[in-house]
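This report sets out how one protein chain is arranged. The sequence and the structure appear just below, and the text is best read beside them.

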Amino acid sequence: MTYADPERIVLPVVQSVRHTAQITAARMAGYRFKVWQDVHDNRVRPAHAFLGAPKYEYHRVPIDEPFVDLDDHKLWFPGDTSSPPQCWMNCRCYLTFVKGHAGPVGPLLVDN
Ligand SMILES: [Zn+2]
């Protein structure tokens with residue numbers, strides 16, 4: 001990362017603020033789970049393809065618990081800069097929310 005790449009510095013900050021606000025709004029609206037969504041193209045990093053796969057145990061987690069990737073990194077949302085840079089740099093994933101154990105009720109709060 002260099003000062004010649006301002007987007008690489010600013011975008012994760014914007015993403016963190018956006019996801020923190022989404023989680024707060026979803027919690028207030030009664031949503032109990034957050035669901036990791038990847039964009040399903042060939043640029044998605046393998047760790048996030050797992051998080052985006054419904055069969056993976058951490059695809060859907062309680063709203064106040066972190067996602068856990070294959071390398072045991074804990075991420076509170078896509079772009080979580082409290083995790084190592086390889087976990088959030090250029091991440092384009094996003095969240096959806098569900099109230100219970102039924103399927104996702106999108107496109108609530110979805111923004112990719
Ligand atoms: Zn991602």
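## Exposure and two loop residues

A residue is counted as exposed if 12 or fewer other C-beta atoms lie within 10 Å of its own, and as buried if 20 or more do. The model discussed here is a predicted one, and His40 offers a first use of the cut-off: His40 has 8 other C-beta atoms within 10 Å and is therefore exposed. His40 belongs to the loop between β1 and α2, and, although not a glycine, His40 has a positive phi of about 55 degrees.

Asp72, found in the loop between β3 and β4 (74–75), also has a positive phi, near 70 degrees, in a residue other than glycine. With 6 other C-beta atoms within 10 Å, Asp72 is exposed as well.

## Overall architecture and confidence

The protein chain contains 3 helices and 5 strands, which follow one another along the sequence in the pattern α-β-α-β-β-β-α-β. Of its 112 residues, 24% count as buried. Among the contacts with a separation of 6 or more, 51% are made by residues 24 or more positions apart.

The mean pLDDT of the protein chain is 86, and 86% of the residues reach 70 or more. Confidence is lowest in helix α1 (residues 6–28), with a mean of 87, and highest in strand β3 (residues 67–68), at 97. Over residues 105–112, however, the pLDDT is below 50, and this stretch has 15 contacts in the model beyond near neighbours in sequence.

## The three-stranded sheet

An open sheet is formed by 3 strands in the order β2-β1-β5, with antiparallel pairing. The edge strands, each of which pairs on one side only, are β2 (60–62) and β5 (94–98). On average, and with direction ignored, neighbouring strands of this sheet are turned by 30 degrees against each other.

Strand β1 (residues 33–37) pairs with β5 in the antiparallel sense over 5 bridges, whereas 3 bridges join β1 to β2, again with the strands running antiparallel. Lys34 illustrates both pairings, since this residue stands opposite Phe97 in β5 and has Val61 as its bridge partner in β2. Elsewhere in the pairing with β5, Gln37 has Tyr94 as its bridge partner. Strand β1 is mostly covered, 4 of its 5 residues being buried.

## The nonpolar core

Which residues have the most contacts inside the largest nonpolar core? They are Val35, Trp36, Phe67, Leu75, Cys93, Leu95 and Phe97, in a core of 15 residues. At least two residues of this core are supplied by each of β1, α3 (85–88) and β5, and the largest share, 3 residues, comes from β5. Phe97 thus links two parts of the description, as a residue of the core and as the one opposite Lys34 in the sheet.

## A loop residue and its distance to the core

Is Glu57, in the loop between α2 (46–51) and β2, buried or exposed? Glu57 is exposed, because the 8 other C-beta atoms within 10 Å of its own fall under the limit of 12 or fewer. The C-alpha atom of Glu57 is separated by 9.3 Å from that of Phe67, a residue 10 positions away along the chain, and Phe67 is itself among the core residues with the most contacts.

Technical notes: Residues are numbered from 1 along each chain as its sequence is written. This is a predicted model: local features need pLDDT of at least 70, side-chain atom pairs count only at pLDDT 80 or more; totals for chains, interfaces and linings use all residues. Two strands pair if DSSP finds at least two bridges between them. Axes are lines fitted to C-alpha atoms, for helices over the stretch in contact, and angles run from 0 to 180 degrees between N-to-C directions. Two residues are in contact if their C-beta atoms, placed from the backbone, lie within 7 Å. A nonpolar core is a set of buried Ala, Val, Leu, Ile, Met, Phe, Trp, Tyr and Cys residues joined through C-beta atoms within 7 Å. pLDDT is the predictor's confidence in each residue, from 0 to 100.
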